[in-house]
Amino acid sequence: MIVITNPIPIANEISTIHSLFENGLELLHIRKPNFSDSEMKQFISEIKLEERRRLVLHSHHHLAAIFGMNRIHFSESKRKTMQLLPRKSPFEKYKTNDFHLSTSVHSIEDFNDLNCAFEYAFLSPFFPSISKENYSSKTNLLEAIKNRTNFRTKLIALGGIESKNITQALENGFDNVASLGTIWNQNNPIENFKLCQQIVQSF
């Protein structure tokens, strides 16, 4: 299971992050769209050095190497912009420098067309979002996934993920799940994570 940070700072965030890692979290996506360079540096510096290889940067990609990180994420808009640049496979430079790449998509068609440089992609919103009010898909993703042709890239369900629907996602073709609201917008984030993680690990 993958966890994404809350977009805005919250109380006891760093200690919660460390507890998540202690309880088996494999990857934490740092999504702080309004952070300045200095704020992002401060945030990363507070996370234990031995955990930084599990961090994935959504922005401020230039900081990854400085902090010993090798995972970066591209938003859908950033990925599509880079694909328009007049050079072949703009993501290959990251791969040759041993970076692990991920991205976001909102349709199975875009997922199928992804560059092979991406190891996994979030497809969202799987269910109505917990963290974004009135945010849901106009497409039935459980039906859409039947048209999956890209099996090089892992497909990650995002949006409204909680313990009661993880099994449904994994049984219908998703490779893993990612969560934001279940962890940060509800009580008992660690217990919620452990319950969800246990379900994922049972597959």
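This report describes aromatic pairs, the nonpolar core, a pocket, a helix and some backbone features in a predicted model.

The model is predicted, with local features needing pLDDT of at least 70 and side-chain atom pairs pLDDT 80 or more, while totals for chains, interfaces and linings use all residues. Residues are numbered from 1 along each chain as its sequence is written, and side-chain values use heavy atoms, with hydrogens and water left out.

## Aromatic pairs

Rings of Phe, Tyr and Trp (its six-membered ring) pair if their centres lie within 6.5 Å; planes under 30 degrees apart are stacked, over 60 edge-to-face, and the rest tilted. By this rule there are 8 aromatic pairs. Phe74 and Tyr94 form an edge-to-face pair, because their ring centres are 5.6 Å apart and their planes stand at 70°. Phe74 belongs to strand 4 (residues 71–74) and Tyr94 to helix 5 (residues 92–96), so the pair ties together parts that are 20 residues apart in sequence. Helices (H or I, at least four residues) and strands (E, at least two) are DSSP runs, numbered from the N terminus.

Are these two residues, Phe74 and Tyr94, buried or exposed? Buried means under 20% relative accessible area, exposed over 50%, and partly exposed in between (1.4 Å probe, protein chains only). Phe74 has 0% relative accessibility and counts as buried; Tyr94 is buried too, with a relative accessible area of 17%. The rings of Tyr120 and Phe122 have centres 6.0 Å apart and planes at 55°, so this pair is tilted. Tyr120 and Phe122 are both buried. Ring pairs also link Phe74, Phe91, Tyr94, Phe99 and Phe118 into a cluster.

## The nonpolar core

A nonpolar core is a set of buried Ala, Val, Leu, Ile, Met, Phe, Trp, Tyr and Cys residues joined through side-chain atoms within 4.5 Å. The largest one has 65 residues, and those with the most contacts inside it are Leu57, Leu101, Phe174 and Val177. Contact, or touching, means heavy atoms within 4.5 Å. Not counting residues up to four places away in sequence, Leu101 touches Ile72, Phe74, Phe91, Tyr94, Lys95, Ala117, Phe118, Glu119 and Tyr120.

Ala64 is in helix 3 (residues 63–66) and is buried at 0% relative accessibility. With residues up to four places away left out, Ala64 touches Leu57, Met69, Ile72 and Phe99. Ser179, in strand 8 (residues 176–179), is buried with a relative accessible area of 2%. Under the same exclusion of residues up to four places away in sequence, the contacts of Ser179 are Met1, Ile2, Val3, Ile4, Leu158 and Ile161.

## The second largest pocket

On a 1 Å grid over the protein atoms alone, a pocket is an open set of points where a 1.4 Å probe fits, with protein on both sides within 12 Å along at least five of seven lines; lining residues have an atom within 4 Å of a point. Grid points are joined across faces, edges and corners, and a volume is the space filled by probe spheres set on the points. The second largest pocket has a volume of about 220 Å³. Its lining residues include Met1, Glu26, Arg71, Tyr120 and Asp175. Strand 6 (118–123) and strand 7 (154–158) each supply at least two residues of this lining. The lining residues divide into 5 nonpolar, 1 polar and 5 charged. Here Ala, Val, Leu, Ile, Met, Phe, Trp, Tyr, Cys and Pro count as nonpolar, Asp, Glu, Lys and Arg as charged, and the others, Gly among them, as polar.

## Helix 1

In helix 1 (residues 13–22), 7 of the 10 residues are buried, so the helix is largely enclosed by the rest of the structure. The buried residues are Glu13, Ile14, Thr16, Ile17, His18, Leu20 and Phe21. Among the elements that cover them are strand 1 (2–4), helix 2 (37–45) and helix 10 (189–201).

## Backbone features

Three residues with a positive phi are listed below.

| Residue | Phi | Place |
|---|---|---|
| Asn12 | about 60° | loop between strand 1 and helix 1 |
| Gly24 | about 105° | just after helix 1 |
| Asp98 | near 65° | loop between helix 5 and strand 5 (100–105) |

Asn12 is exposed, with a relative accessible area of 58%, and Asp98 is exposed with a relative accessible area of 58%. A cis peptide bond joins Ser124 and Pro125, with omega about -5°. Pro125 is in the loop between strand 6 and helix 7 (141–144).
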